[in-house]
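This report takes one model and works through a helix start, a chain interface and a ligand site. The sequence and structure come first.

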Amino acid sequence: MMRNNEMQTTFLSVAENEAFARVVIAAFAMQLSPTVCEIADIKTAVSEAVTNAIVHGYEGTRGMVTLRASIHDHALLSIEISDQGKGIANIQQAMEPFFTTRPEQERSGMGFAVMQTFMDELSVESAPGKGTLIRMKKRIRSRDMLENATHIL
Amino acid sequence: MLRSIRDGDKLLVGLDGELDHFCAQSIRRELDSQLADPTIRQLILDFSGLTFMDSSGIGVILGRYRILRERGGGVSVIHMNDHIARIFHMSGMGKVIRQLDRKQEAVR
Ligand SMILES: Nc1ncnc2c1ncn2[C@@H]1O[C@H](COP(=O)(O)OP(=O)(O)O)[C@@H](O)[C@H]1O
Ligand SMILES: [Mg+2]
């Protein structure tokens, strides 16, 4: 696998940065010429992970969230979102649809389900007191390639 | 400020921009101040101006549904784009939140 490009940005765990993270990942992914639908998938998945770091990881206190992304073989987008917050004791339970530890804040418990549906791969590394690292991958079926293919066919 | 139209026991509210955890805080506050009027029994959310929604939006919609269900009413949505519809159906919301196709249906 060849690494074509890589980026990293670190920001404070304030809710305003949920939109910031979406704009950053969308801008980085643009070089893969994704479809509108693929961009929406990526923005939504990143929004979920960053919101979780802010809401659950730091529980409204101030800490830093890191968003990293890389592109391999001009087609594969890898994304990592990490925090040094509270961590997750039972990862399997946390990933179950509708499971939330914050029902009083009207959390739906669907964040991990959304990440899983909209990305090709999802993995969670976490331990209580150690923070959380979310890794996601998505293969982008480049718009240019699709256009070329229909042209040839 | 959210755009809204009142018709009898129905309230039609247009949501604009993005519905994430950050925006949810003010949208929830504004919706609830309008829903403080106990004669409102049906809330219709117009999503035509909504460009982004993540799972925080599910919490907002279901939270308002709970308020209106207490009054024997409910929540419907109109003009959902395909991407938002995927999140909507994934959460099983389609079972309790009516999805209307046209504005005419909503105000009827
Ligand atoms: N970064 C994180 N740090 C600590 N706990 C987390 C983190 N991300 C997720 N969790 C835990 O996993 C649960 C499920 O997350 P999610 O599926 O996004 O649902 P929701 O955010 O609606 O609660 C959360 O309620 C929380 O307990
Ligand atoms: Mg979440």
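At the start of α3(B), a side-chain oxygen of Asn81(B) comes to within 3.0 Å of the backbone nitrogen of His83(B). The model is predicted, and local features such as this one need pLDDT of at least 70. Helix α3(B) spans residues 82-90. Gly92(B) follows α3(B), and the phi of Gly92(B) is positive, near 75°.

Which residues of α3(B) are buried? They are His83(B), Ile84(B), Ala85(B), Ile87(B) and Phe88(B). Their cover comes from both chains. Chain A contributes elements including α2 (36-57) and α4 (111-118). From chain B, the cover includes β3 (42-53), α2 (55-69), β4 (74-78) and β5 (98-100).

**The interface between the chains**

Arg86(B), in α3(B) by its number, forms a salt bridge with Asp41(A). The closest N and O atoms of that pair are 3.3 Å apart. Between chain B and chain A, the count is five salt bridges. Polar contacts link twelve residue pairs across the two chains, with both residues at pLDDT 80 or more. On the side of chain B that touches chain A, α1 (21-35), β3, α2 and α3 each supply at least two residues. The most comes from α2(B), with seven residues. By type, the residues of this side of chain B are seven nonpolar, eight polar and six charged.

In contact terms, 21 residues of chain B meet 24 residues of chain A. Interface size is often given as the accessible area lost when the parts come together. Here chain B and chain A bury about 1800 Å² between them. Carbon and sulfur atoms account for 55% of that area.

**Two buried serines of chain A**

Ser108(A) sits in the loop between α3 (91-95) and α4 of chain A. Is Ser108(A) buried or exposed? Its relative accessible area is 13%, so Ser108(A) counts as buried, the cut-off being under 20%. Beyond its neighbours within four places in sequence, Ser108(A) is in contact with Phe98(A), Ser55(B), Ile58(B) and Gly59(B). The side chain of Ser108(A) has polar partners in both chains: the backbone nitrogen of Met110(A) and the backbone oxygen of Ser55(B).

Ser13(A) lies in another loop, between β1 (3-12) and α1 (16-29) of chain A. Ser13(A) is buried because its relative accessibility is 4%. Its side chain reaches the backbone oxygen of Thr61(A). Leaving aside neighbours within four places in sequence, the contacts of Ser13(A) are Ile54(A), Tyr58(A), Thr61(A), Arg62(A), Gly63(A) and Val65(A).

The distances for the two serine side chains are set out here.

| Side chain | Backbone partner | Distance |
|---|---|---|
| Ser108(A) | nitrogen of Met110(A) | 3.4 Å |
| Ser108(A) | oxygen of Ser55(B) | 3.3 Å |
| Ser13(A) | oxygen of Thr61(A) | 3.0 Å |

**The ligand site**

How many residues surround ligand 1? There are 18, and the closest are Asn52(A), His56(A), Thr100(A), Thr101(A) and Gly109(A). An oxygen atom of ligand 1 lies 2.8 Å from an N or O atom in the side chain of Asn52(A). Backbone atoms also take part. A polar backbone atom of Ser108(A) is 3.3 Å from an oxygen atom of ligand 1. For a polar backbone atom of Gly111(A), the distance to an oxygen atom of ligand 1 is 3.1 Å. Ser108(A) thus appears twice in this report: its side chain lies 3.3 Å from the backbone oxygen of Ser55(B), and its backbone lies 3.3 Å from an oxygen atom of ligand 1.

How values were computed
Residues numbered from 1 in each chain as written. Chains lettered and ligands numbered in written order. Heavy atoms only, no water. Buried < 20%, exposed > 50% of the residue type's maximum accessible area, 1.4 Å probe, protein only. Helix = DSSP H or I, 4+ residues; strand = E, 2+ residues; numbered from the N terminus. Contact = heavy atoms within 4.5 Å. Polar contact = N/O pair within 3.5 Å; in protein donor to acceptor, adjacent residues only side chain to side chain. Buried area = accessible area lost by both parts, 1.4 Å probe. Salt bridge = Lys/Arg side-chain N within 4 Å of Asp/Glu carboxyl O. Nonpolar A, V, L, I, M, F, W, Y, C, P; charged D, E, K, R; others polar. Near = heavy atom within 4 Å.
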